[in-house]
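Biologist: I would like to learn how to read the packing of helices, the burial of side chains and the backbone of a loop. Could we take these topics in turn?

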Amino acid sequence: MTPTNPSATTEPSAPSRRELNKAATRASIAAAALDLLRSNGPGNFTVEDIAASAGVSRRTFFNYFPSLEAALSSVADGFMDRALEQFRLRPSDETILESAQAALMALADPMSVAPMAELFSLTQDNRSLARSELEAWEHCTGQIIDAARSRLGPDVSELYLYALAGAVISCGKAAMTVWFAECGPDLSPTSLAILRQHLIDAMWLLGAGFAPSSLASLQTASVPTSTDRS
């Protein structure tokens, strides 16, 4: 019997005002960190600068984030949250990787990958901020494990979950690396559409087991335009 997905049968409770306020504060701090990274460059701002820009105290900053790098890495959370929302809507009898690819395809707007792409771009020239990128990927790994466990049930092998999440994250990193080599820090809709397609193709290759036939299919496929992805 296939385990059911609890999120597909249980309506989530509406967030309280306190939860909404906390989410807004967290988002404000993350946005301030990214703005300072854009304007000042890596290594040229502090936690105190972020707090001041967000209009909160230093203590409040640390109530939400353990470090400057963690605040920066959180700008990519929204993309994963939206992708997982789509993943949880997929049929429970679908394979995990089929659902992952379908979830990415459902995010038709190429700009949905913009925060993650910008973080990746801004941290490439300064490896002192590599921890931000690493924390973003680690957060994604935890979310993938939780989503897969919810789909497959509590008795699923931990080895399976961690191997699956590791493979998915590695494919995500590969897609980002290839995109950056092709497009550089270009965050135009056309460039982001290419990144989105690389992410979809990477999931497809993983699901196909990287068979020779999958490589041939990928080499003959053209990259769709953003209008083709709607």
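Modeller: What follows is a walk through a few features of this structure, which is a predicted model.

Biologist: How does one describe two helices that pack together, and at what angle do H8 and H9 pack?

Modeller: Two packed helices are described by the angle between their axes and by the distance between those axes. Here helix H8, residues 114–124, packs against helix H9, residues 130–152, at an angle of about 150°, and their axes lie 8 Å apart. Because angles over 145 degrees count as roughly antiparallel, H8 is roughly antiparallel to H9. The crossing of H8 and H9 is left-handed.

Biologist: Which residues of H8 and H9 make the contact?

Modeller: From H8 come Leu119, Phe120, Thr123 and Gln124, while H9 contributes Ser132, Glu133 and Ala136. Sorted by character, the residues of this contact of H8 with H9 comprise three nonpolar, three polar and one charged.

Biologist: Turning to the interior, which residues have the most contacts inside the largest nonpolar core?

Modeller: In soluble globular proteins, nonpolar side chains tend to be buried together. In this model the largest nonpolar core has 63 residues, and those with the most contacts inside it are Ile50, Phe61, Leu72, Leu195 and Leu199. Helix H10, residues 158–183, gives the most to this core, with 10 residues. Taking Leu195 as a case, and leaving aside residues up to four places away in sequence, one finds that it touches Val113, Ala117, Ala175, Met176 and Trp179.

Biologist: Is Ser99 buried or exposed?

Modeller: Ser99, which is found in helix H7, residues 96–106, has a relative accessible area of 0% and is therefore buried. When residues up to four places away in sequence are not counted, Ser99 touches Phe87, Arg90, Pro91, Glu94 and Arg151.

Biologist: And how does Leu215 count in terms of relative accessibility?

Modeller: Leu215, found in helix H12, residues 212–220, has 46% relative accessibility, so this leucine counts as partly exposed, given that the class of exposed residues begins over 50%. The C-alpha atoms of Leu215 and Leu205 are separated by 7.7 Å, although these two residues are 10 residues apart along the chain.

Biologist: Finally, for the backbone, where is Phe210 found, and what is its phi?

Modeller: Phe210 is found in the loop between helix H11, residues 189–207, and H12. The phi of Phe210 is near 55°, which is a positive value in a residue other than glycine.

Definitions and conventions:
Residues numbered from 1 in each chain as written. Predicted model: local features only at pLDDT ≥ 70, side-chain atom pairs only at ≥ 80, totals over all residues. Heavy atoms only, no water. Axes fitted to C-alpha atoms, helices over the stretch in contact; angles between N-to-C directions. Helix = DSSP H or I, 4+ residues; strand = E, 2+ residues; numbered from the N terminus. Parallel < 35°, antiparallel > 145°, perpendicular 65-115°, else oblique. Left-handed = near helix turned anticlockwise from the far one by under 90°. Contact = heavy atoms within 4.5 Å. Nonpolar A, V, L, I, M, F, W, Y, C, P; charged D, E, K, R; others polar. Buried < 20%, exposed > 50% of the residue type's maximum accessible area, 1.4 Å probe, protein only. Core = buried A, V, L, I, M, F, W, Y, C linked by side-chain atoms within 4.5 Å.
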